[in-house]
Amino acid sequence: MSSMQVVSTTTTAATAAVFATARGSPPPLEGVDAVTTNPVTLIQRWIEEARSRGEREPESFSLATCHTNTGVPTVRPMLLKRSDADTATFTFATNGDTEKAHARTAAMCFHWKSLARMARVEGPLTRRSIDAPIVHELWSARSRASKIASWASPQSRVALGGRDTVIEAIRAAEAKFNDVSSDSIPPPPHFGVFDVAADRIEFWTSLRADGFHSDPGDKDRIGERVAFLRSPTADATKATWASEYLFP
């Protein structure tokens, strides 16, 4: 995952000092430089570090939204497809006819168990135009089976006949594209690509009470938290940030 271009960030000396080496322990955020530049770049770095440690699908995250009518919160696992450090956007694909697709804002939570680290992202949720190149790119990257399943499924709606109804819908979609190559299967109208434009990003890492970084599963750990707040700017293509250190 590309780090892209780093944007300017305002970081207090107090915040940066927290991420300096603590009593000889390694810096939890891979050094002060990573923290004083861009929080999106840091998430990209942690994803790759978790991948190098053998963590499966380190780009997975939990997406939380609230129902537009009732306000009831819901959460579901998703896979991050792209992230852009300049615009501070996080991109994923899903069915555009579901409730989450109609939410105005969203929250994301990454948890890398192998690193004993987490990151949270909050911001407005928007859908890409069906003609956007990334929509074609992400659809084309799907397997044939995934494309067939997408055509077959009115996601989250009740299958009145139970499992048999789902299987029947899949077989109907397979028959529809029986003579069509995988590359030529078009995306269904409900296929959507969405961006969360981060206006707040928070990092959590595990420490022991003596200031050393704890190992995953350490029961004596305490949390170390830093939040990045997007600064108001007229240029949506160049995010800038201010940071604050939080009590655990």
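**View 1. Asp84 and its bridge partner Thr89 in strand S5 of a predicted model.** Asp84 pairs with Thr89 across the two strands. Strand S4 covers residues 82-84. S4 and S5 run antiparallel, joined by 3 bridges. Between the strands of this hairpin lie 4 residues. Ala88 in the hairpin has a positive phi near 60 degrees.

**View 2. Strand S5 and its pairing with strand S8.** S8 spans residues 191-197. It runs antiparallel to S5, and 7 bridges link the two. Thr89 appears again here: Ala197 of S8 stands opposite Thr89. Thr89 is thus a residue to find in both views, as the bridge partner of Asp84 and as the residue facing Ala197.

**View 3. The surroundings of strand S5, residues 89-95.** Is this strand enclosed or open to the outside? Of its 7 residues, 7 are buried, meaning under 20% relative accessible area. Strand S5 is therefore largely enclosed by the rest of the structure. In a regular strand, side chains alternate between the two faces of the sheet.

**View 4. The crossing of helices H5 and H6.** H5 covers residues 144-152 and H6 covers residues 163-176. Their axes come within 8 Å and cross at roughly 115 degrees. The crossing is right-handed. From H5, the contact uses Ile148, Trp151 and Ala152. From H6, Ala169, Ile170, Ala173, Glu174 and Lys176 take part. What kinds of residue make up this contact? There are 6 nonpolar and 2 charged residues, and no polar ones.

Definitions and conventions: Residues numbered from 1 in each chain as written. Predicted model: local features only at pLDDT ≥ 70, side-chain atom pairs only at ≥ 80, totals over all residues. Heavy atoms only, no water. Buried < 20%, exposed > 50% of the residue type's maximum accessible area, 1.4 Å probe, protein only. Pairing = 2+ DSSP bridges. Axes fitted to C-alpha atoms, helices over the stretch in contact; angles between N-to-C directions. Left-handed = near helix turned anticlockwise from the far one by under 90°. Contact = heavy atoms within 4.5 Å. Nonpolar A, V, L, I, M, F, W, Y, C, P; charged D, E, K, R; others polar.
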